[in-house]
Amino acid sequence: MSGSCRSRADPAACKQRSRPLRPKVLITRKIFEESIACVARHCDVDTNQRDVPLTPHQLIRRLQGKQGAITLLTDTISDAVLARCPDLKIVSNVAVGFNNLDVKAATERGVMMTNTPGVLDDTTADLTWCLILATSRGLIDADRYFRSGKWKGWGLMQFLGRDIHHKTLGICGLGRIGRRVAKRAKGFDMRILYTDRTRAAEDVERDLGVAFVDKRTLLKESDVVTLHVPLSPETTHYISTAELKLMKPTAVLVNSSRGPVVDEEALVRALGEGWIAGAGLDVYEREPRPAPGLTRLKNVVLAPHIGSASMETRLKMSNMAAENCVAGLTGRRPPNLINPQVLMRQHPRPTGAR
Ligand code: DGY
């Protein structure tokens, strides 16, 4: 990555400093101080220090006259927002997923959009494994029991979970995070199945020890099904009633991708009626609200969207977003540009509503 935010001797930075007009950037929610400082070296920064998402109205108001925005996945940047913020040149999302951004509209309007790929893969794979293990072994329930003071000592028949080792893991989506999950599964001596839109290269399959199957086979044969597909119209409710009914009654479903990939109401029914044994969720269909009945179920482990939430990884994401934003506003190509087509456009961004 270019040294825009790290090197004081950066010529682009010096050039920018000597310009009379510095770009203006809105940081919509709390990010790390060093990332704010990185942006502030080149731009005038307006930050929302309250760490509460801005309402759509507040967002549009604070974006007026701003050329850059550093956004979180709780901010919706729709075509309507873009239409009302004609000065915007770049939206830098602090997340790898960008379903909160209307990339197509941005591309048509000449606005660059960036994300933070790569840096969170291992951390999200670790959290996926936390969910797999905690759900299969009933760890959270056991913890609650212990804290309640009810435990009177060891018993053979207490808290019987299910083994993970030597079982079958089904990975839906063998992208960067899916591959890291597979790599960890090898240590548990698992049979690893995967399904995806396209089959991975032979050497990837061999190195990871994974076998390609269709979705139906994966659902029927896996003891753990873990979801790593990006959210799109095709993957919305990728797991719904029919899919849950295909799974084994002893199986566990884990979702650390995006909430709407699972039909949460169908999942509540499946867990309540024992179609499957349990679920580990990090993401929800209508965050931050769970589907009715979800939190009353004992066979589900619920994390509040913390897949990438390690100190090290969140700092990397925050700095990456800052560097993407600064690059875009100082005449360089942002390293993680989602819509490079924007750079091919010769004409300036149209400012009127379409
Ligand atoms: C992402 O980057 O998309 C994650 O969901 C954030 O934790």
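**Figure 1. Salt bridges and polar contacts between domain 1 and domain 2 of the predicted model.** The number of salt bridges between domain 1 and domain 2 is 0. Polar contact between the two domains is made by 3 residue pairs, with both residues at pLDDT 80 or more. On the side of domain 1 that touches domain 2, the residues are 5 nonpolar and 4 polar, with no charged residues.

**Figure 2. Domain layout and the area buried between the domains.** The domain assignment places residues 11-119 + 312-346 in domain 1 and residues 121-302 in domain 2. Domain 1 contributes 9 residues to the contact and domain 2 contributes 5 residues. Over C-alpha atoms, the centres of domain 1 and domain 2 are 33 Å apart. About 570 Å² is buried between domain 1 and domain 2, and carbon and sulfur atoms give 43% of this area.

**Figure 3. Residues around the ligand.** The shell consists of Leu73, Ala95, Val96, Gly97, Leu120, Arg258, His305, Ser308, Arg314 and Met317. By class, these shell residues are 5 nonpolar, 3 polar and 2 charged.

**Figure 4. Side-chain polar atoms facing oxygen atoms of the ligand, from Arg258, His305 and Ser308.** An N or O atom in the Arg258 side chain is 2.6 Å from a ligand oxygen atom. For Ser308, a side-chain N or O atom is likewise 2.6 Å from an oxygen atom of the ligand. A polar side-chain atom of His305 lies 2.8 Å from a ligand oxygen atom. The ligand taken alone exposes 240 Å², and the protein buries 91% of that area.

Methods. Residues are numbered from 1 along each chain as its sequence is written. This is a predicted model: local features need pLDDT of at least 70, side-chain atom pairs count only at pLDDT 80 or more; totals for chains, interfaces and linings use all residues. Side-chain values use heavy atoms; hydrogens and water are left out. Domain bounds come from an automatic or database domain assignment. Contact means heavy atoms within 4.5 Å. Buried area is the accessible area (1.4 Å probe) that two parts lose on being put together, summed over both. A salt bridge is a side-chain nitrogen of Lys or Arg within 4 Å of a carboxyl oxygen of Asp or Glu. A polar contact is a pair of N or O atoms within 3.5 Å; within protein, one must be able to donate a hydrogen and the other to accept it, and residues adjacent in sequence count only if both atoms are side-chain atoms. Ala, Val, Leu, Ile, Met, Phe, Trp, Tyr, Cys and Pro count as nonpolar, Asp, Glu, Lys and Arg as charged, and the others, Gly among them, as polar. A residue is near a molecule or strand if one of its heavy atoms lies within 4 Å of it. Accessible areas come from the Shrake-Rupley method with a 1.4 Å probe; for residues, only the protein chains shown count as cover.
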